[in-house]
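Colleague: I'd like a close look at one part of this model, with its surroundings filled in as you go. Take your time over it.

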Amino acid sequence: MIRQLPIFALLLLASCGQQGGSDIRISNAWARPTIGQAPAAVYLTIENKGDGADRLTGAFTDHAAMAMVHQNEVVGGVARMRMAGEINLPAHDKIEMKPGGTHIMLEGLRAPLRTGDEFDLVLKFRGSEDQSITVNVLKPEGQ
Ligand SMILES: [Cu+2]
């Protein structure tokens, strides 16, 4: 009985693969320059071109101690940020992270971000493999 369990598990995995899966593409990843110990916010676009939904579960980078998915919200007229939890990625849909909305916050940067820098960020998903993207540090418009 016990010997048959791994085979059963393999069959389960195989049947999962037959369903429409997600097909995640990440693009346009950028961050503003930072000063001193200030945290950085990364913005990017995630597109799910597959037939199955997926979820963004987290992120990490060698460039910072911590990477968290944050959501902006206004409470009593004051803009605040909170942990966003997992981000739903419906099939054939696109999530655009922009200033004032969802972003990936980097805390404990190894070095302040300067215009022209680039570094790798890895995004983790529930239904697909980790994906790495290069983040470009850009000067804000008009500055
Ligand atoms: Cu934040």
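How many residues sit between β4 and β5 in their hairpin, and which residue in the turn has a positive phi?

Modeller: Two residues separate β4 from β5 in that hairpin, and glycine 76 in the turn is the one with a positive phi, about 60°. Before we go on, this is a predicted model: local features need pLDDT of at least 70, side-chain atom pairs count only at pLDDT 80 or more, and totals for chains, interfaces and linings use all residues. Numbering starts from 1 along each chain as its sequence is written.

Let's stay with the hairpin. β4 covers residues 64-75 and β5 covers residues 78-83; helices (H or I, at least four residues) and strands (E, at least two) are DSSP runs, numbered from the N terminus. The two strands pair in the antiparallel sense over six bridges, where pairing takes at least two DSSP bridges between strands. One place to see this is glutamate 73, which stands opposite arginine 80 in β5.

β4 has another partner too: six bridges join it to β8, again antiparallel. There, alanine 64 stands opposite leucine 109. β8 in turn is joined to β2 by three bridges, also antiparallel, and valine 42 has isoleucine 104 of β8 as its bridge partner.

Now zoom in on valine 69, which is found in β4. Valine 69 counts as buried because 20 other C-beta atoms lie within 10 Å; the cut-offs are 20 or more for buried, 12 or fewer for exposed and partly exposed in between, with C-beta atoms placed from the backbone. Leaving out residues up to four places away in sequence, valine 69 touches Leu56, Gly58, Ala59, Ala84, Ile87, Thr102 and Ile104. A contact here means C-beta atoms, placed from the backbone, within 7 Å. Alanine 59 is ten residues from valine 69 in sequence, and their C-alpha atoms are 7.4 Å apart. Isoleucine 104 has Val69 on its own list, along with Val42, Ala59, Ala67 and Leu121, once neighbours within four places in sequence are set aside.

Isoleucine 104 also turns up in the largest nonpolar core, a set of 24 residues where Val42, Leu44, Ile104, Leu106, Leu121 and Val135 touch the most other members. Such a core is made of buried Ala, Val, Leu, Ile, Met, Phe, Trp, Tyr and Cys residues joined through C-beta atoms within 7 Å. Two or more residues each come from β1 (24-31), β2 (40-48), β3 (54-60), β4, β8 (103-109), β9 (118-125) and β10 (131-137). β2 gives the largest share, five residues. As background, nonpolar side chains in soluble globular proteins tend to be buried together.

Stepping back to the whole chain, the protein has one helix and ten strands, and the helix comes ahead of the strands when you read from the N terminus. Of the 143 residues, 21% count as buried. Among contacts between residues at least 6 apart in sequence, 69% join residues at least 24 apart.

A few spots away from the hairpin deserve a look. Asparagine 28, in β1, has a positive phi of about 50° although it is not a glycine. Asparagine 28 is partly exposed because it has 13 C-beta neighbours inside 10 Å. Histidine 92 is another non-glycine with a positive phi, near 55°, and it lies in the loop between β6 (87-89) and β7 (93-96). With 11 other C-beta atoms within 10 Å, histidine 92 is exposed. Proline 99, in the loop between β7 and β8, is exposed as well, with 10 C-beta neighbours inside 10 Å. The C-alpha atom of proline 99 is 10.0 Å from that of arginine 32, though the two are 67 residues apart along the chain.

Last, confidence. Mean pLDDT, the predictor's confidence in each residue from 0 to 100, is 89 for the protein, and 85% of the residues reach 70 or more. Among the elements, β9 has the highest mean, 98, and helix α1 (residues 5-18) the lowest, 52. Where pLDDT is low, the predicted coordinates should not be read in detail.

Key. Contact = placed C-beta atoms within 7 Å.
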